[in-house]
Amino acid sequence: RVQSAVYFLEVEYHQDTRFLFDMFEFKSAPNLVVSRPKMAILSESEARRYLKSIYWEISYNDGHVTTHKMLEFTNKRTDRAVEYRPPFTTMLQSITLFLMACGGGYYAVTELSWFWMSPKVWLAASLAIYTICNSGVIFNILHGVQMVGRSPRGDVEIFSGGAREQYGLEGLLI
């Protein structure tokens, strides 16, 4: 059996692409839609059912959405086994950054002990940790809260309008 190619497309919201957002009823960003060619839809109810089967409105409830999660969603709907293989340069970059962080940490512990023993540093660090923990940043990180949201008009929102809701950037700014 011959399989057709799989394409990934990123669409930004603006006047020229508004019809796509209206057609799929996108209410937030990002969204993932998997479509099959030559799909015949006969009725409105079939169209709604079909759109629900191929559509994923990614939200903070989904946790940290990775390339692997998106490929798994796509593979299930296209009967494929597409795998993500990072390029060698990406792996080399990750290893290099890890080794640099280890070296920097070793240097900070051994050569900068005079800095870490200063009461002023401990006071400033304690105040920073207290502020970060009380502003909801830790909660946002643990629950994978999105950094910003979208208004019904498609504009970027930094501050959530609902009670007991907060975007990640709001926690950092406050």
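Helices and strands here are DSSP runs, numbered from the N terminus, with at least four residues for a helix and at least two for a strand. With that settled, let's walk through what is a predicted model.

Start with the overall layout. The chain has eight helices and four strands, and from the N terminus on they run α-β-α-β-α-α-α-α-α-β-β-α. Of the 174 residues in the chain, 18% are buried. The accessible surface comes to about 14100 Å², and carbon and sulfur atoms account for 63% of that. As for how the chain meets itself, take the contacts between residues at least 6 apart in sequence: 42% of them join residues at least 24 apart.

Now pick out helix α3, residues 67-78. Its 12 residues should span 16 Å at 1.5 Å a residue, and the end C-alpha atoms do sit 16 Å apart, so expectation and model agree. Which residues of α3 are buried? They are Leu-71, Phe-73, Thr-74, Asn-75 and Thr-78. It helps to recall that an α-helix has 3.6 residues a turn, so residues three or four places apart point the same way. Just after α3 comes Asp-79, with a positive phi of about 55 degrees.

Further along, look for the aromatics. The count of aromatic pairs comes to two. In one of them, the ring centres of Trp-114 and Phe-115 are 5.9 Å apart with the planes at 80 degrees, which makes the pair edge-to-face because that angle is over 60. The other joins Phe-115 and Trp-116, with centres 5.1 Å apart and planes at 75 degrees, so this pair is edge-to-face too. Trp-114, Phe-115 and Trp-116 form one aromatic cluster. How does the cluster sit relative to solvent? Trp-114 is exposed, with a relative accessible area of 60%, while Phe-115 is partly exposed at 34% and Trp-116 is partly exposed at 38%.

Next up is helix α6, residues 119-134. This helix has 16 residues and reaches 23 Å from its first C-alpha to its last, close to the 22 Å expected at 1.5 Å a residue. Just after α6, Gly-136 takes a positive phi, here about 95 degrees.

That brings us to the C-terminal part of the numbering, and to a nonpolar patch on the surface. Its members are Met-147, Val-148, Val-156, Ile-158, Phe-159, Leu-172, Leu-173 and Ile-174, and together they offer about 760 Å² of accessible area. Ile-158 is worth a closer look: this residue lies in the loop between β4 (156-157) and α8 (168-173). Why can Ile-158 be part of the patch? Patch residues need over 30% relative accessible area, and Ile-158 is partly exposed at 31%, so it clears that cut-off.

Finally, step across to helix α8, where you'll find Glu-170. Is Glu-170 buried or exposed? Its relative accessibility is 13%, so Glu-170 counts as buried, the limit being under 20%. Leaving aside residues up to four places away in sequence, Glu-170 touches Ile-158, Phe-159, Ser-160 and Glu-165. Two of those names, Ile-158 and Phe-159, also belong to the nonpolar patch, so this buried glutamate in α8 contacts patch members directly.

Definitions and conventions: Residues numbered from 1 in each chain as written. Predicted model: local features only at pLDDT ≥ 70, side-chain atom pairs only at ≥ 80, totals over all residues. Heavy atoms only, no water. Patch = residues over 30% accessible without salt bridge, like charges linked within 9 Å, V, L, I, M, F, W, Y side chains within 5 Å. Areas by Shrake-Rupley, 256 points an atom, 1.4 Å probe, with all protein chains shown as cover. Salt bridge = Lys/Arg side-chain N within 4 Å of Asp/Glu carboxyl O. Buried < 20%, exposed > 50% of the residue type's maximum accessible area, 1.4 Å probe, protein only. Contact = heavy atoms within 4.5 Å. Expected span 1.5 Å × (residues − 1). Phe/Tyr/Trp six-rings, centres within 6.5 Å; stacked < 30°, edge-to-face > 60°.
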